Amino acid sequence: MTTAKMVFRGTMRGHTDVITAIAMPTEKNRMAVTGHTNVVQDVALSNCGRIAISASLDSTLHWNIDDGTLILRHRIVDRRQQLLSVAFSADNRKYALASSNGTINFTTVDDTTSSNVDAPHADRVSCVRFSPNASSSSKHVAVSGSWDQTLKVWDSSSNNLKLMHTLTGHSDRVNTVAVARDGTRCVSGGNDGLIMLWDMIQGKRLCSLETGYIIYALSMNPARDWVSVGTEESVMIWDLERESVIHELKTEEAEERVFNPYEEDGIIYCTSLSWSNDGSTLFCGYTDGVVRVWEIIEDEKKNQ
């Protein structure tokens, strides 16, 4: 019998404040790029792994991943409109920017076409994500989560995002959304402590799972029916088929509740998550500026 266990592999250090986003490149690139003058809220990588877009309170920057050079800068004119999330379409041709005024801006990468959604959220949009599967029938599907307690599913096949479904069920702010590799399902989480699994194509909820804690980050494993969940207490790994927690990841720092100078309450907890492209490694970004890395190890056990 083969079972999978999570093994702590170490840390990645270099940031000096809360890690708000992690995106996994298709190749091993290591560099630091600078250009923002305010908090970076989110970062997205194109499927080709050549372009990155970072969304900040000051501007949106387009980066060449090969050499770290800045390709394009969009400065924010209206300071009341804070950019909170960014996502690439599966075909690398478009990206979506979510903002604090409830709107989502849909723009082509070459910056020739830009438009806002026709049915914005009633509160800030905390997260926007596209289907990652460019070869599936769902390749043009996007989903957004908002503080208005809803998710909205969008059709991006044209130059505008067209509303497909409004998904309701959360009783508090939605903080994060993650999309499965097949592009048909997504999970959402927020202040009500619930993980909700949705069929984006049909516009219906498949299940609701209680964590007991505010959810700050979600990431769906591309190779298994697992979702990683970042909370103040731990990083939980849920098996969606079994609807149960199969791993709970706590570092020594989290166990000891070590003081964190960057947070008012001093607690170190996970604020961003990303699985590697093969689903074997989980990268967890924390409030102390450290990325902690866990790996799935197949544990062979003989039947007695």
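**View 1. Glu 243, a partly exposed residue in a loop.** Let's start with Glu 243, which is partly exposed, with a relative accessible area of 42%. That label fits because partly exposed covers the range between under 20% (buried) and over 50% (exposed). Keep in mind as you look around that this is a predicted model. You'll find Glu 243 in the loop that joins strand E20 (235-239) to strand E21 (244-249). Check its backbone too: phi of Glu 243 is near 55 degrees, a positive value in a residue that isn't glycine.

**View 2. Gln 149, in the loop between strands E11 and E12.** Now hop over to Gln 149, which sits after strand E11 (141-146) and before strand E12 (150-155). Is Gln 149 buried, partly exposed or exposed? With a relative accessible area of 31%, Gln 149 counts as partly exposed. Its phi is near 80 degrees, so here's another look at the backbone: the value is positive, and the residue is not glycine.

**View 3. The whole chain, with 1 helix and 24 strands.** Zoom out, and you can set those two loops among the 24 strands and the 1 helix of the chain. How much of the chain is buried? Of its 304 residues, 51% are. Contacts can also link residues that sit well apart in the sequence: counting contacts with a separation of 6 or more, 46% are between residues 24 or more positions apart.

**View 4. The accessible surface of the chain.** Finally, look at the outside: the accessible surface adds up to about 14,300 Å². Carbon and sulfur atoms hold 45% of that area.

Note on methods
Residues numbered from 1 in each chain as written. Predicted model: local features only at pLDDT ≥ 70, side-chain atom pairs only at ≥ 80, totals over all residues. Heavy atoms only, no water. Helix = DSSP H or I, 4+ residues; strand = E, 2+ residues; numbered from the N terminus. Buried < 20%, exposed > 50% of the residue type's maximum accessible area, 1.4 Å probe, protein only. Contact = heavy atoms within 4.5 Å. Areas by Shrake-Rupley, 256 points an atom, 1.4 Å probe, with all protein chains shown as cover.
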